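Grab a coffee and open the viewer: here are a few short exercises to work through with the model on screen. Try each task before you read its solution.

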Amino acid sequence: MGSEVIAVPTSPGTDAHASPHAAVPRVEAGMSWHRAHRLAGTLPHPLAAERVPLARAHGHTLAEPATSAALLPGTDTAAMDGYAISGRAPWRVVGRTLAGQPAHVPLAPGTAVEIATGAPVPPGADAVLPVERCHVDGDTVTPSETGPGRTHIRYAGEDLTPGRLLAPAGTRVTATLAGLAAHAGLDELTVHRSPRVRLAATGDEIIGSGVPAAGQVRDALTPLLTALLTGTGGTLAGAVHVPDRADLLAAELASADWDVTAVTGSSSVGRADHLHSVLTRAGARWHVDGVACRPGHPQALAELPGGRWVVGLPGNPYAALVGAVTLLRPLLDALQGRAPREPLRLPVTGKAEPYDGGTRLVPVHLADGRATVVPGSRPASLLSAATADALAVIPSGWAQGDAADLLPVQ
Ligand SMILES: Nc1nc2c(c(=O)[nH]1)N[C@H]1C(S)=C(S)[C@@H](COP(=O)(O)OP(=O)(O)OC[C@H]3O[C@@H](n4cnc5c(N)ncnc54)[C@H](O)[C@@H]3O)O[C@H]1N2
Ligand code: MOO
């Protein structure tokens, strides 16, 4: 994915080296990981509802319950290829009905029609006899087996009736739900508008393509976050690289015509880390300002005047992934009217060092009903996490084999 680059200054901007240590109103410093995660998933109001055609509904979240418009099947329908029969054998074959054709005229006792799966069963039919259970001799049919069997008729409305609930509000539209909605006669669904998410990768050293020269770093986070946000039902509203200048970051946040800006880097306390001062000067309301977890403690969640959200993620790529599943994904879920996800919980084995001051997040593989730590994860490297199925949320008192919550990583 290409990304736009905000003008790189030829000389240092006036506030390029302004101290970011200016007084910043802090919310609860080092908030617990669980509280930060819960806040992100419960604070936002869902975005407005809109009607979308079924072909575009996949991945969106229902803003209203989806209910059937159709009776399904619409009429008594053959469930097998064979003969619709009436009364006792033998039956005289009086016609043929294929799917899509109207039902045959009512059947009199002692008669049958050859019928295809999905074709309407004629009034008066008692059952459909599968062709492999029939003996056919000219225009006469007799059963080749005796004994009670199923009728092999799908009765009108046995699957759906008009008004029947297909899925409640808050359900994410899966491939299956899109299929069901079409089967139920719907052309559109009412879903929450997809959150438009802007990605702003800060750092003078960041480059957008190719192999970095000494002193440069290839932007790992725009591809990672693009995949994560679109997989969560968000829409990428452009990705920009912002040099380490407070005025450029402020301009980027002010220009925002999106619901969420995810800023990577610039979240810590270094001279080039401007996110705090910029947000504070912009009159942002802080909800999360630092999380008691490792890695990824310099995370932020704030609301700009006008209700736009800013998620601050650390620049170190694995730490940023931790921040994205801690704050960004739950925020996007909530903006789409989805309840917080119930984490999978399994015993975790392998080498993980609990963090005394809070929570440690480690990449794990899932197999055989347990999670196994992928060794070697470091804040600045995605190598261990890249093949992981989930991040395990390891509490401070964790010991080998104890269960932990698991957050899937796509
Ligand atoms: N004095 C302190 N220094 C630091 C602390 C601290 O508590 N006190 N925290 C450290 C931790 S932990 C992290 S994480 C980082 C967070 O730093 P920033 O969010 O301000 O990010 P940067 O300084 O811009 O970059 C950090 C690191 O990540 C690389 N980076 C940045 N963006 C990307 C990207 N898009 N793709 C790949 N790599 C990226 C950047 O080159 C730096 O190496 O602060 C510590 N310092
Ligand atoms: O917490 Mo940092 O986010 O370790 O890399």
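**Exercise 1: helix H6**

Right after H6 comes Gly337, whose phi is positive, near 80°. Helices (H or I, at least four residues) and strands (E, at least two) are DSSP runs, numbered from the N terminus. Before going on, note that this is a predicted model, where local features need pLDDT of at least 70, side-chain atom pairs count only at pLDDT 80 or more, and totals for chains, interfaces and linings use all residues. Residues are numbered from 1 along each chain as its sequence is written, while chains are lettered from A and ligands numbered from 1 in the order in which they are written.

Task: find where H6 bends, and work out how many of its residues are buried.

Solution. Step one: look at Ala324, where H6 bends by about 45° (the angle between axes fitted to the seven residues ending there and the seven starting there). Step two: count the burial, and you get 19 of 19 residues buried. Buried here means that 20 or more other C-beta atoms, placed from the backbone, lie within 10 Å of the residue's own.

**Exercise 2: around ligand 1**

Task: which elements give two or more residues to the shell around ligand 1?

Solution. Step one: collect the 26 residues that surround ligand 1, the closest being Gly265, Ser267, Ser268, Pro314 and Gly315. A residue makes the list if its C-beta atom, placed from the backbone, lies within 6 Å of the ligand. Step two: sort them by element, and strand E15 (196-202) and helix H6 (317-335) are the ones that give two or more. Step three: sort by class, which gives twelve nonpolar, eleven polar and three charged residues; Gly counts as polar in this scheme.

**Exercise 3: the open sheet**

Task: which strands stand at the edges of the six-strand sheet, and what links E10 to E11?

Solution. Step one: read off the order, E9-E6-E8-E7-E11-E10, with mixed pairing. Strands pair if DSSP finds at least two bridges between them. Step two: E9 (127-130) and E10 (134-137) have a single partner strand each, so one side of each is left without a neighbour in the sheet. Step three: follow E10 into E11 (residues 140-143), an antiparallel pair joined by four bridges. His135 has Thr142 as its bridge partner, and Asp137 stands opposite Thr140. Step four: the two strands form a hairpin with two residues between them, and Gly138 in the turn has a positive phi of about 65°. Step five: turn to E7 (residues 91-97), which pairs with E11 in the antiparallel sense over two bridges; there, Arg92 stands opposite Thr140.

Notes. Buried ≥ 20, exposed ≤ 12 C-beta atoms within 10 Å, placed from the backbone.
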